[in-house]
Amino acid sequence: MSALRIEGIVGGYGDLTVLRNISFAVEGGQLLVLAGPNGAGKTTLLATVMGALRPSAGSVKLDDEELLGLPIHRRTRMGLGLVPEGRGLFPSLTVWENLRVAARAARLRSAQAEEGIERATAAFPIIGERLRQKVQSLSGGEQQMVAIGRALLTDPSVLLLDEPSMGLAPIIWQQVLDTCRRLADEGRVVVVVEQRVLEALRVADRCVVLQQGRVVRDGTVEAGAELPELAESYFSAEGARR
Ligand code: ATP
């Protein structure tokens, strides 16, 4: 099974250092919640792993292959998939058009794209039912499912999700979490960046907490016993209440 290894990452935006020597590894089959207060560097770390930002030091390896220096589309082809914050869908295009645009960006051949769309609709049957509808006509939950389905086009071995709960009703959020768990159980590395952390930890194996660009906690989630303690200790009051 695949493994994602992040070692000694220092990086940020130009002269602004946000990530200060971040290291952790995630194995296939594991669902890791990446938590921490606003501004801790969670989105910056995902952008660095995907290749949108170049770190000044460190290493990101997928199955012992160095990813740093490779463009985003190469990393996508090697097995990284991202569901970005805010979903990044084109609202005025149909679901099918959104998937085709993503397939083209990932440089999938048409047979691979068809296979990918089948994979997405198998994971979320609602996608198949809504293919000809514009994304803007879908509910928030359906849009999130399209965003995750789009990431599944390339059959990623590592799936990164940035704040997937945003705008979702509790019952839909639970469905999205159950899907994340299933995707991990299929052998993928699944990393979920979340503020609504208590619910996310219920389906997680691991939790890494970032604070001011550093890992301040990295451990397994034990039967939920430590969840309230985690919430009080590390998260913003807003995140803990939600
Ligand atoms: P949130 O939960 O609010 O999304 P986060 O943990 O994801 O927080 P980041 O978005 O990674 O945090 O931001 C980390 C730091 O980097 C913050 O100080 C933020 O202001 C800064 N930052 C984020 N994006 C940029 C950017 N494009 N240019 C410069 N600084 C940025």
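Modeller: Ala, Val, Leu, Ile, Met, Phe, Trp, Tyr, Cys and Pro count as nonpolar, Asp, Glu, Lys and Arg count as charged, and the others, Gly among them, count as polar. The model is predicted, so local features need pLDDT of at least 70 and side-chain atom pairs count only at pLDDT 80 or more, while totals for chains, interfaces and linings use all residues. Residues are numbered from 1 along each chain as its sequence is written, and side-chain values use heavy atoms, with hydrogens and water left out.

Biologist: How do the residues of the shell around the ligand divide?

Modeller: A residue is near the ligand if one of its heavy atoms lies within 4 Å of it. The shell residues divide into five nonpolar, six polar and three charged, and of these 14 residues, Gly39, Gly41, Lys42, Thr43 and Thr44 come nearest.

Biologist: Which element gives the most to this shell?

Modeller: Helices (H or I, at least four residues) and strands (E, at least two) are DSSP runs, numbered from the N terminus. Helix α1 gives the most, with three residues, and both β2 (16-27) and α1 (42-50) supply at least two residues each.

Biologist: What makes the approach of Lys42 to an oxygen atom of the ligand a polar contact?

Modeller: A polar contact is a pair of N or O atoms within 3.5 Å; within protein, one must be able to donate a hydrogen and the other to accept it, and residues adjacent in sequence count only if both atoms are side-chain atoms. A polar side-chain atom of Lys42 lies 2.8 Å from a ligand oxygen, and therefore this pair meets the cut-off. For Thr44, an N or O atom of the side chain is 2.5 Å from an oxygen atom of the ligand, whereas for Thr43 a backbone N or O atom lies 2.9 Å from one. The protein covers 60% of the 640 Å² of accessible area that the ligand has on its own (Shrake-Rupley method, 1.4 Å probe; for residues, only the protein chains shown count as cover).

Biologist: Why is Arg107 called exposed?

Modeller: Buried means under 20% relative accessible area, exposed means over 50%, and partly exposed lies in between (1.4 Å probe, protein chains only). Arg107 has 52% relative accessibility, and therefore counts as exposed. Arg107 is found in the loop between α3 (95-105) and α4 (110-123), and has a positive phi of about 60 degrees although it is not a glycine.

Biologist: How do you know that the charged end of Arg132 sits over the ring of Trp96?

Modeller: A charge sits over a ring if NZ of Lys or CZ of Arg is within 6 Å of the ring centre and within 35 degrees of the ring normal. The charged end of Arg132 is 5.2 Å from the centre of the Trp96 ring and is counted as sitting over it.
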